[in-house]
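Welcome! Please take a moment with the sequence and the 3D view, and then let us walk through them together.

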Amino acid sequence: MKMKLKQLESLLGDLEQFSNPKVELEQYPTGPHIASRMLFTAENSYGDITDKVVADFGCGCGTLSVAAALLDAAYVIGFDIDPQSLETATINAEELEVEIDFVQCDVTKLELKGQIVDTVVMNPPFGTRKKGADMEFLSAAMKVASKAVYSLHKTSTREHIKRAALRDFNAKSAEVLCELRYDLPKLYKFHKRKEVDIAVDLWRFEPRQI
C-alpha cells in the first residue's frame with residue numbers, strides 16, 4: 001500500500017525539531033510540507049526512493065531521512081555534524097518505528113569512495129553564514145550518489161548552481177523540479193520578523209556514471 005502525500009506530510013508534522021538551533025550550522029527545520037513533496041516527487045516521478053539506498057546529508061532532526069524510510073527505502077543513512085540533532089533524529093525514527101542509521105560527521109569531509117548510494121536527499125545550509133557551504137554539500141553529494149541528488153537551494157542562486165553542477169560537479173543533468181516557499185520561522189535573536197518566506201528551488205541532479 002503506497003503512502004499518500006497527505007499521510008506522509010501529517011506523519012512528518014509530528015516530528016521533534018531543533019530545541020536549540022545552532023546559527024553557525026544554519027540549522028532550520030525542513031517543514032513537513034516541503035519535505036513530503038520533495039520525497040514524494042523523488043519516488044512517484046522518478047522511482048528514486050523505494051527499495052533504494054538513500055543518504056540524507058546534513059540530516060538535522062531527520063525529517064528527510066524519516067520520509068525516505070516511510071516511503072520504503074531499502075536502507076537510509078543520515079549524516080550530520082551535530083550530536084544533539086542526531087539524538088533528536090534517533091528519537092524521531094524510534095517514534096515512527098523506522099530503521100535509519102545516523103552517523104556523526106562533516107559531510108563535506110566524507111572519505112567515501114565511489115557512487116555507493118543510489119540517492120542523496122538534502123536541505124543544505126544556504127551559505128548565508130558560511131559562504132559556499134551549499135556548494136560544498138552539493139559537491140560531496142554528487143560524489144556518492146549513483147542515481148540522483150535532490151536538494152533545496154535559494155532561487156536567487158539558480159544560474160550559479162546549474163553552472164557549477166554541470167561544469168564542476170560531474171552532473172549529467174541539473175533540473176529545477178519546482179519552486180517552493182520556504183517558511184523560515186523566527187529561530188534566532190537576529191531575526192527581526194516573526195517569519196520570512198524565502199523562494200527555494202527543488203533540484204534534481206543526475207550524476208554521470210563514474
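What share of the contacts in the protein chain with a separation of 6 or more comes from residues 24 or more positions apart? In this predicted model, the answer is 71%. It helps to keep that figure in mind, as several stops on our tour join residues from separate parts of the sequence.

Let us start with the overall layout. The protein chain has six helices and seven strands. Read from the N terminus, these elements follow the order α-α-β-α-β-α-β-β-α-β-α-β-β. The chain has 210 residues, and 52% of them count as buried.

A good place to look first is Ser36, which belongs to helix α2. Is Ser36 buried or exposed? Ser36 counts as buried because its relative accessibility is 0%, and the cut-off for buried is under 20%. Leaving aside residues up to four places away in sequence, Ser36 touches Leu5, Leu8, Glu9 and Leu12. Take Leu5 as an example: 31 residues separate Leu5 from Ser36 in sequence, yet their C-alpha atoms are 6.6 Å apart in space.

Next come the aromatic rings. A pair of such rings is described by how far apart the centres are and by the angle of the planes. Three aromatic pairs are present in the structure. One of them is formed by Phe57 and Phe79, with 5.5 Å from centre to centre and 90° between the planes, an edge-to-face arrangement. Because Phe57 is part of strand β1 (residues 53-57) and Phe79 is part of strand β2 (residues 75-80), this pair ties together parts that are 22 residues apart in sequence. Both partners are shielded: Phe57 is buried at a relative accessible area of 1%, and Phe79 is buried at 6% relative accessibility.

Trp203 and Phe205 form a pair with another geometry. Their ring centres are 5.2 Å apart and their planes meet at 10°, so this pair is stacked. Trp203 and Phe205 are also both buried. Arg204 has a ring partner too: Arg204 lies over the face of Tyr46, 4.1 Å from the ring centre.

Now turn to two helices that meet. The axes of helix α5 (residues 133-144) and helix α6 (residues 158-167) come within 11 Å of each other, crossing at roughly 35°. This crossing of α5 and α6 is right-handed. Which residues make the contact? On the α5 side they are Asp134, Met135 and Leu138, and these meet His160, Ile161, Ala164 and Ala165 of α6. Sorted by character, the residues of this contact comprise five nonpolar, one polar and one charged.

Finally, have a look at the backbone in two loops. Most residues other than glycine have a negative phi. Asp51 has a positive value, with phi near 65°. You will find Asp51 in the loop between α2 (32-44) and β1. Asp51 counts as exposed because its relative accessible area is 60%, where the cut-off for exposed is over 50%. Glu97 likewise has a positive phi, near 55°, and sits in the loop between α4 (83-95) and β3 (101-104). With a relative accessible area of 73%, Glu97 is exposed as well.

Note on methods:
Residues numbered from 1 in each chain as written. Predicted model: local features only at pLDDT ≥ 70, side-chain atom pairs only at ≥ 80, totals over all residues. Heavy atoms only, no water. Phe/Tyr/Trp six-rings, centres within 6.5 Å; stacked < 30°, edge-to-face > 60°. Helix = DSSP H or I, 4+ residues; strand = E, 2+ residues; numbered from the N terminus. Buried < 20%, exposed > 50% of the residue type's maximum accessible area, 1.4 Å probe, protein only. Lys NZ or Arg CZ within 6 Å of the ring centre and 35° of its normal. Axes fitted to C-alpha atoms, helices over the stretch in contact; angles between N-to-C directions. Left-handed = near helix turned anticlockwise from the far one by under 90°. Contact = heavy atoms within 4.5 Å. Nonpolar A, V, L, I, M, F, W, Y, C, P; charged D, E, K, R; others polar.
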